[in-house]
Amino acid sequence: MGREDSQFDSKNGSPPPGEPSTNESSTDSAFPSARSRRRVTLVMAVALVVAVAVVIAGALVGRPVPLAKWVGADDPGPGRSPSASPAPPPVLADVSGTAPMPTAAGVHAAIDALVAEAGLGDRLHVSVRDVISGDRLYERGAETGTVPASTTKLVTAAAVLAARGPGHRIPTRVVAGASPGEVVIVGGGDPTLAEGAKGAYVGAARMDRLAAQVRKALGDVTVTKITADSSLFEGAAYGPGWDKDISDGCSAAITALMVDGAWVDPKTRGCSKRHPKPELIAGQAFARALGVPADVVKTVSTGTAPATSTTPASSTPEQAPTPGAELGRVESPPMIRLVEVMLSASDNTLAEALARQVALARGQPASFAGAATAMAEVLKELGLDPAQAKLADGSGLSRQNRISPALLTDLLVLAADGSRPELAALFSGLPVGGWSGTLTNRYAGPASTDSAPGLGVVRAKTGTLTGVYSLSGLVTTADGRPLAFALLSDEVPVGFWAAEQALDRIAATLASCGCR
C-alpha cells in the first residue's frame, strides 16, 4: 500500500488515529467552502508574514514580499475574498529575533528519548537547525539519504518557485488544426484546469471561458474535428518506484492536458478514482463547452498541433484560420498559489506537473527523469548540495527517492533568510498543526495530549507511505525562537501507525521547551 498522506488501514478500512481522511485533507486544501477558505486564508496569510520576516542576521526584520507583482494587485488568489478578513484566533505563535537560542545540549536532552521510540524503527534520521543563526542543534544521520515520502514536495516547491518564479502561470491554448474545421486544444501542464465554475480547484482556469474565446475567433466557421494535444510531457505516465495501488487514484496519469485533476468526481479529490486517459477526457470536456454536436464530441482524438502561426486567427466565414493560429488561451493561477495548494493538500498530481515545469524551464525533457535532472540543477543554483537528493519523481510517491534531513533543513533556512523571497510560498503552503491541510487532525483532540503543544505552532509538510513516515518544517519554541526540523523514518515496522504520533511528539516537544 502506498497512499501518500491518505493512507488507510488495509485490515479494517479505516484511517489510523489522527490520520486525516482523504476527503478531509483534499477538501481543506482546495478551499471548497467559505468556512475552509477563511480558515486557510488566515493561516496562510499569517504564516507568510511570519516566515518572510525571519532573517539570519540574528534579528527579525519586516520584509514585504512583492505579492502584487506575482499574483496581480487585484488578484486575491484561489478561494480568497478581496474583502477584509477578521483577525485570526491566537493559534500561531509569535516569533522573536531576540529570543534566546536553544543549545545543542538542550535539544538533545529534550528529544533523545523520543527519537529512540521503537515505533519509529531503526532508521529515523533527524536534523534540527536554528533558523536565525543557522546553527545545527541536532543531527542523527542528518546527511543520510532516506526515503522522504511527501516531504519531497518541499524540494519540488523550491525548485519550481526558483525556476519559474512565483508569478508564472501555466497556459492552456487552442489553435487552428491542419485541416479545415479542426481545432486543437494544447495542454501546457495545468492539472487544475476546470471544466466549469465548480471544478476541483477554486480559481482555476476554465474550459467554458476558453471555448467562448474560440467561438468568437472562429466566427461562422464550423468545427468538425477536435484534437487533444498533450505532447508537451514525455515518457511514462506513472513514476518509477510507485506502489501498484497508486493507479487507484492517489495520482492521475501524468499528462500535459487534463481537467479537474483527472478525477472522475471532482468533489471527492484525494485518493479517489481518476480517468485513465486524462487528455481525451479533457478534449471531450472542451468539445462540450464549445457546443459541438455529440458525434464530434465522441470522435475527439489525440494528436499534435501544427507549428504556431503568427497570423491572426480569422473570424470571417470566407477565410478559415491559418493552421497553428491561436484561437484562445487561459492561464492557471500563479505559481505561488499552485505551490500553496500542492503543499497543503499533498497533491501528488499537481506536484508532478510542477516538477515538469522545472524541466521545461531548464531545457530538460518534461518527463520524470528530466524533472529530476532539472531539480538537481536548481538545487545547485540555490547553493544547496544536490548530492543530498537522489530524485525519481516530484511528489514523493516513489520509493526510489532519497533525501537527507540536512538538505531539507538547509532548504528551509535558505527560504527563511530573506535572500530568496520567491521561496516564501514554502511557508504559506505548509500545513499548520491542528489547523490546516494534512495536519488538520493532528496536535488536537483527545488522542493528541502529548502533542498538544504543537497546536498552531508546528508548520510542516507531512509524508506517508507504507513503512515510511516523515515530517519537516518549522516550529517555534516556547521562547519564540524559530527552528527548522526534518524527521525522516523509512523502516517503520508494518502496522506501526504510532509512528505518526511519535513524530508529532518530537515536534511538539521542540515547541514546548526553551531547550537551553
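## A walk through the cysteines, a buried helix and some charged pairs

Number the bonded cysteines along the protein chain and the disulfides pair up as 1-2, 3-4. Keep in mind as you click around that this is a predicted model. A search of the whole structure turns up two disulfides, so let's visit each one, given that a disulfide is a covalent bond between the sulfur atoms of two cysteines.

**Stop 1: Cys-250 and Cys-271.** Select both and show them as sticks. Their sulfur atoms sit 2.0 Å apart in a disulfide. The torsion about the S-S bond is about 115 degrees, so this disulfide is right-handed. The pair links distant parts of the chain, 21 residues apart, with Cys-250 and Cys-271 each in the loop between β7 (225-229) and α7 (278-290). Turn on a surface and check: both Cys-250 and Cys-271 are buried.

**Stop 2: Cys-513 and Cys-515.** Now jump to the other disulfide, where the sulfur atoms of Cys-513 and Cys-515 are 1.7 Å apart. Which hand does this link have? At -45 degrees about the S-S bond, the link of Cys-513 and Cys-515 is left-handed. Both of these cysteines are buried too.

**Stop 3: Arg-516 and Asp-479.** Next, select Arg-516, which makes a salt bridge with Asp-479, the closest N and O atoms being 3.0 Å apart. This pair also links distant parts of the chain: Arg-516 is in the segment after α14 (498-512), and Asp-479 is in the loop between β13 (468-476) and β14 (482-489), 37 residues apart. Arg-516 counts as exposed, at 59% relative accessibility, while Asp-479 comes in at 28% and counts as partly exposed.

**Stop 4: Asp-410 and Arg-129.** The structure holds 20 salt bridges, and here's another to pull up. The side chains of Asp-410 and Arg-129 meet at 2.4 Å, N to O. Asp-410 is in helix α12 (residues 405-416) and Arg-129 in strand β3 (residues 124-130), 281 residues apart. Arg-129 is buried, with a relative accessible area of 11%. Add Arg-136 and Glu-139 to your selection: together with Arg-129 and Asp-410, they are linked in a network of salt bridges.

**Stop 5: Arg-356 and Glu-352.** For a salt bridge inside one helix, go to α10 (residues 348-361), where Arg-356 and Glu-352 are four residues apart, so about one helical turn separates them. Their side chains meet at 3.8 Å, N to O. Are these two residues buried or exposed? Both Arg-356 and Glu-352 are buried.

**Stop 6: helix α9.** Select residues 335-345 and color by accessibility. Helix α9 is mostly covered, with eleven of its eleven residues buried. That includes charged residues such as Arg-337 and Glu-340, as well as Met-335, Ile-336 and Leu-338. Step just past the helix to Ser-346, where phi is positive, near 55 degrees.

**Stop 7: Ala-205.** Last, center on Ala-205, in the loop between β6 (182-186) and α6 (207-218). Ala-205 has a relative accessible area of 6%, so it is buried. What does it touch beyond four places away in sequence? Its contacts are Asp-190, Thr-192, Leu-193, Ala-194, Val-330, Glu-331, Ser-332 and Pro-333. If you want a distance to draw, take the C-alpha atoms of Ala-205 and Thr-172: they are separated by 8.4 Å, with these positions 33 residues apart along the chain numbering.

Definitions and conventions:
Residues are numbered from 1 along each chain as its sequence is written. This is a predicted model: local features need pLDDT of at least 70, side-chain atom pairs count only at pLDDT 80 or more; totals for chains, interfaces and linings use all residues. Side-chain values use heavy atoms; hydrogens and water are left out. A disulfide is a pair of cysteine sulfur atoms within 2.5 Å. Helices (H or I, at least four residues) and strands (E, at least two) are DSSP runs, numbered from the N terminus. Buried means under 20% relative accessible area, exposed over 50%, partly exposed in between (1.4 Å probe, protein chains only). Contact means heavy atoms within 4.5 Å. A salt bridge is a side-chain nitrogen of Lys or Arg within 4 Å of a carboxyl oxygen of Asp or Glu.
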